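Student: I have a structure open on my screen and would like to talk it through with you. Could we go step by step, with the reasoning spelled out?

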Amino acid sequence: YDMVIWRYNSDGTLDTSFNTVGYVVHAGAAGGTSSDVGYAIIIDSGGKILVAGYSGNASANADMVIWRYNSGGTIDTDFGTNGVIINSTASGGTGYEWGDAIKLDSIGRILVSGYVQTSPSDATTKDMTIWRYTFVPTITSITPSSGINNSSVVSITNLSGTNFFTGATVKLTKTGESDISGTSVSVVSATQITCTFDLTSKAVGTWNVVVTNVDSQSATLTNG
């Protein structure tokens, strides 16, 4: 088997804007040549498509897999390794692991429930399992990237990056200066934040941009 996502229009016809054919197929996620199966699917706040299931590895065991696709049907290579996260350790590395359900929590962390079979030869050794994943944010750019320090407020229309969670905070830092905390912070999506900074009487020069998620994972754009 290969893992497949189909997308249909509301009238029941295949949506050919999705991967140009209306479906996407993935095989060999865990490195084997047997089966890749998706059991559950969700769409995150940024429109990314996440699928949980399993994939056969090179030892013919099953590993739990999460795939993530962009909204147009291409694999999201910013996620995991080439768009895929694989786990084989819950069963001790030699058994079977299946992801049967997937959900995002209130701050955007990924939870997958399923089970592991610790002994491939004994189907009675199945245990319920929950996996939870969080991701370190990244910052790629900030727009606008400058402001005037005699102006009361500078509005940031696009702080761009990845893995921003609801509730994230933003600040500017500079050696020898007090931090400038962002206000009116809005996590528009996992890849965009808007906010404002009060630069009145602040030091001239470059400042670092820091985003911190509610799980304390943070990213810095140096001299942003």
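Student: How much space lies in the second largest pocket?
Tutor: Keep in mind that this is a predicted model. The second largest pocket is lined by 19 residues. The space in the second largest pocket comes to about 270 Å³.

Student: Which strand gives the most to the lining of the second largest pocket?
Tutor: Nearest the centre of this pocket lie Asp 44, Ser 45, Leu 104, Gly 108 and Ala 190. By class, the lining has 10 nonpolar, six polar and three charged residues. With three residues, the strand that gives the most is β14 (residues 183-189).

Student: And the largest pocket: how do the residues of its lining divide into nonpolar, polar and charged?
Tutor: About 340 Å³ of space lies in the largest pocket. Of the 21 residues that line it, Ser 145, Ser 146, Gly 147, Leu 199 and Trp 207 are the closest to its centre. The lining divides into 12 nonpolar, eight polar and one charged.

Student: Which residues does a cis peptide bond join?
Tutor: Most peptide bonds are trans. Here one has an omega of about -5°, which is cis. Its proline lies in the loop between β10 and β11 (154-162). The two residues joined are Thr 143 and Pro 144.

Student: Let's turn to the strands. In what order do the three strands of the open sheet lie?
Tutor: The pairing in this sheet is antiparallel. Its edge strands, each pairing on one side only, are β7 (96-104) and β9 (126-133). Neighbouring strands are turned by 25° against each other on average, direction ignored. The order is β7-β8-β9.

Student: Which residue in β8 stands opposite Trp 98?
Tutor: Strands β7 and β8 (residues 110-117) run antiparallel and are joined by eight bridges. Opposite Trp 98, in β8, stands Tyr 115.

Student: Which residues form one aromatic cluster?
Tutor: One pair to look at is Tyr 39 and Tyr 54, with ring centres 6.0 Å apart and planes at 40°, so the pair is tilted. This pair links distant parts of the chain, with Tyr 39 in strand β3 (residues 31-43) and Tyr 54 in strand β4 (residues 49-57). The cluster is formed by Tyr 39, Tyr 54, Tyr 96, Trp 98 and Tyr 115.

Student: Is Tyr 54 buried or exposed?
Tutor: Its partner Tyr 39 has 44% relative accessibility and counts as partly exposed. The cut-off for buried is under 20%. Because Tyr 54 has 14% relative accessibility, it counts as buried.

Student: How many residues apart in sequence are the parts that the pair of Phe 79 and Phe 135 ties together?
Tutor: The two ring centres are 5.5 Å apart with the planes at 50°, so this pair is tilted. Phe 79 and Phe 135 are both buried. Phe 79 lies in the loop between β5 (62-69) and β6 (84-87), and Phe 135 in the loop between β9 and β10 (138-143), so the parts tied together are 56 residues apart.

Student: Which residue in β16 is the bridge partner of Leu 172?
Tutor: Strand β12 (residues 169-173) and β16 run antiparallel, joined by five bridges. Strand β12 is also joined to β13 (residues 180-181), by two bridges, and there the partner of Leu 172 is Ile 180. In β16, the partner of Leu 172 is Val 209.

Student: In β17, which residue is the bridge partner of Val 209?
Tutor: Strands β16 (residues 208-212) and β17 pair in the antiparallel sense over four bridges. In β17 (residues 218-221), the covered face has Ala 219 and Leu 221, while Ser 218 and Thr 220 are on the uncovered one. The partner of Val 209 is Leu 221.

Student: Which residue takes a positive phi in the hairpin of β16 and β17?
Tutor: Most residues other than glycine have a negative phi. This hairpin has five residues between the strands, and one of them has a phi near 75°. The residue is exposed, with a relative accessible area of 59%, and is not a glycine. It is Ser 216.

Student: Where is Thr 20 placed?
Tutor: Thr 20 also has a positive phi, near 65°. Exposed means over 50% relative accessible area, and Thr 20 is exposed at 66%. Its place is in the loop between β1 (3-6) and β2 (23-26).

Technical notes:
Residues numbered from 1 in each chain as written. Predicted model: local features only at pLDDT ≥ 70, side-chain atom pairs only at ≥ 80, totals over all residues. Heavy atoms only, no water. Buried < 20%, exposed > 50% of the residue type's maximum accessible area, 1.4 Å probe, protein only. Pairing = 2+ DSSP bridges. Axes fitted to C-alpha atoms, helices over the stretch in contact; angles between N-to-C directions. Phe/Tyr/Trp six-rings, centres within 6.5 Å; stacked < 30°, edge-to-face > 60°. 1 Å grid on protein atoms, 1.4 Å probe; cavity = no way out; pocket = protein on both sides within 12 Å on 5 of 7 lines; lining within 4 Å. Points joined across faces, edges and corners; volume = space filled by probe spheres on them. Nonpolar A, V, L, I, M, F, W, Y, C, P; charged D, E, K, R; others polar.
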